[in-house]
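Biologist: I'd like to go through this model with you. Can we start with how the two sides meet?

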Amino acid sequence: MKNKAKNVVNYIIFTGITTMVFLTVVIIPFLYGVYLTLTDWNGIEATKKYVGIRNYISILNDSTFLYSFTLTLKYVFFSVLFINLIAFLLAYLLTSGIKGQNVFRIALFTPNLIGGIVLGFIWQFIFNNTLPYIGQKIGLGLISNSWLASPQKAFWALVIVTVWQYSGYMMMIYIAGLVGIPQDIIEASTIDGAGQLTRITKIILPLLAPSFTVSVFLSLQRSFMVYDLNLALTKGGPFRSTELVSMHVYSEAFLSQNYGIGQAKAIILFITVAIITSIQVYLSKKAEVEA
Amino acid sequence: MSKKVYKDYIKFFIVLLISLLYILPFIAVIINSFKTTNDIMANPLSLPTKFSVSNYIKAAEKMTYLRGFLNTLIITFFSIGGIVVFSAMTAYLFVRKKWKLNRLVFSLMIASMIIPFQAIMIPLVKIYGTLNLLNNMWTLIYMYWGFGAAFAVFMYHGFIKGIPYELEEAAYVEGATEFQTFWKVVFPLLKPVTTTIVILDGLWIWNDFLLPSLILISAEKRTLQLSTFYFYGTYTADYGLAMAALILTITPIIIVYLILQKNIINGILKGAIK
């Protein structure tokens with residue numbers, strides 16, 4: 001009996017606080033949020049009417065959301081693709097024994113230390129002032145005007161800054177993977193007459209599959225959630241043309257005061273991210289086993 | 001042999017070129033932070049004609065830099081402290097006592113890691129708003145404990161599993177309580193995980209924008225990220241000031257990085273590979 005009481009006290013000291021904080025900050029708000037999507041609450045009135053799945057149906061007819069949603073998918077696709085391509089290339093070059101590779105690694109990682117707000121403002125200056133100045137001086141039409149003023153180019157500006165921000169981080173993951181590949185396997189393949197390309201596609205890439213799983217997963221998650229970079233770089237403009245889902249949810253809830261609909265959109269984002277990342281992890285894990 | 005040297009040069013120049021692309025935006029901001037707005041408009045590439053820190057002094061004053069810096073420091077420090085202390089103890093009990101309730105909470109934590117913050121932020125603001133807990137630094141810290149718990153418990157859990165129980169038994173034989181045993185015997189062994197968590201959560205909390213922007217309403221409670229955002233919005237036309245503000249915000253973390261870069265990079269790798 002005394003032991004049981006001691007167990008309870010220990011339980012409270014060791015896990016009680018974490019459990020309580022975790023439940024009150026993550027689980028309860030999440031469940032309450034799912035309930036909110038079934039109401040017509042505007043955030044001010046005390047009464048909320050239960051409306052079933054009406055919010056979800058209205059979202060299907062909401063063209064600004066559908067635009068923002070497809071734009072986000074496009075943004076995530078290109079960001080993840082280029083982040084990982086460049087990260088792999090950099091990791092490959094920086095593990096081949098060139099001079100000063102440690103200094104390069106440190107430099108390439110720098111953007112990841114700094115928050116998206118500051119990075120966004122830095123690039124806003126580059127796109128609005130520095131590049132047009134260079135463009136006009138050397139007569140290069142492509143950069144003579146600010147990219148952030150045109151919807152199409154502003155989208156690519158967002159992708160470029162995202163790739164610039166995260167490729168150094170993912171490079172570190174690939175470096176860890178490359179360093180972990182046993183040198184004798186590479187040597188054996190060279191003796192067997194494998195060229196550089198064969199070595200990369202037949203030996204290095206398959207052995208690097210675990211790094212790809214992690215890096216693609218992380219870049220997927222981060223680009224789906226991006227908010228501060230979007231806010232600082234383009235503010236969603238021009239004319240809401242670069243408003244990614246996260247910013248869209250924010251404006252729907254906190255600026256337009258449509259909490260039920262805003263939350264329903266957030267839940268749709270959650271389901272999308274959950275499905276896409278699980279498929280990705282499942283597929284890459286399968287590739288790892290076969291390798 | 002000479003073919004290899006030749007190839008190495010090409011590789012070196014490719015990397016040098018890419019690295020320049022990564023560094024040049026920062027250089028551009030640094031150069032312009034010493035210039036007047038007119039000079040910047042006339043030529044954003046030119047070097048400053050005279051070295052003057054007046055932009056920095058004015059920016060620091062107008063964005064109440066010191067206040068923002070201290071707020072961020074306090075929030076980051078207590079958030080990380082709470083995450084480390086509570087999560088380490090929790091993970092320890094989860095590993096040593098495989099009760100049903102423990103297993104349930106642990107699985108709930110793992111599952112929660114796929115929930116994006118956007119799916120929680122609206123109800124979070126509504127609930128804590130109703131309870132009158134917004135605009136309070138401690139509410140924010142409390143929330144970071146909650147959002148940081150799952151990952152930290154997960155990391156500690158994986159590490160503690162590998163620690164042999166015999167070490168703790170010896171302590172119990174000498175009459176130590178569970179609490180003492182944990183802090184004196186187990187916790188020191190967790191140092192590698194603790195370093196990783198401190199670095200990853202430190203970068204996250206120091207640079208976070210969305211959560212503080214929802215919780216902290218009054219200007220004197222703002223973190224550095226928030227004051228930079230509001231300052232930049234107000235002074236967009238005054239480029240010199242705006243550039244100085246950006247550099248001021250970046251400086252603390254760059255200094256820490258230069259001192260601790262090995263630990264930071266190792267910590268990030270360990271966190272990513274788990």
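Modeller: A polar contact here is a pair of N or O atoms within 3.5 Å; within protein, one must be able to donate a hydrogen and the other to accept it. Keep in mind that this is a predicted model.

Biologist: How many residue pairs are in polar contact across the interface of chain A and chain B?
Modeller: Salt bridges add nothing here: the rule finds zero across this interface. For polar contacts, both residues must have pLDDT 80 or more. The count of residue pairs is 18.

Biologist: Which helix gives the largest share of the side of chain A that touches chain B?
Modeller: That side has 61 nonpolar, 22 polar and two charged residues. The largest share is 22 residues. They come from residues 2–36 of chain A, helix H1.

Biologist: What area do chain A and chain B bury between them?
Modeller: The contact involves 85 residues of chain A and 87 residues of chain B. Carbon and sulfur atoms carry 79% of the buried area. In chain A, Phe14(A), Leu113(A) and Phe125(A) lose the most, together 10% of what that side buries. The total for the two chains is about 7700 Å².

Biologist: How many residues of H6(B) are buried?
Modeller: Helix H6 of chain B covers residues 118–130, 13 residues in all. Buried means under 20% relative accessible area. Among those that pass are Ile120(B), Pro123(B), Lys126(B) and Tyr128(B). The helix is mostly covered, and the number buried is ten.

Biologist: Which residue just after H6(B) takes a positive phi?
Modeller: H6(B) itself reaches 19 Å from first C-alpha to last, close to the 18 Å expected. Just after it, phi is about 65 degrees at one residue, Asn132(B).

Technical notes:
Residues are numbered from 1 along each chain as its sequence is written. Chains are lettered from A and ligands numbered from 1 in the order in which they are written. This is a predicted model: local features need pLDDT of at least 70, side-chain atom pairs count only at pLDDT 80 or more; totals for chains, interfaces and linings use all residues. Side-chain values use heavy atoms; hydrogens and water are left out. Helices (H or I, at least four residues) and strands (E, at least two) are DSSP runs, numbered from the N terminus. The expected span of a helix is 1.5 Å times one less than its number of residues. Buried means under 20% relative accessible area, exposed over 50%, partly exposed in between (1.4 Å probe, protein chains only). Contact means heavy atoms within 4.5 Å. Buried area is the accessible area (1.4 Å probe) that two parts lose on being put together, summed over both. A salt bridge is a side-chain nitrogen of Lys or Arg within 4 Å of a carboxyl oxygen of Asp or Glu. A polar contact is a pair of N or O atoms within 3.5 Å; within protein, one must be able to donate a hydrogen and the other to accept it, and residues adjacent in sequence count only if both atoms are side-chain atoms. Ala, Val, Leu, Ile, Met, Phe, Trp, Tyr, Cys and Pro count as nonpolar, Asp, Glu, Lys and Arg as charged, and the others, Gly among them, as polar.
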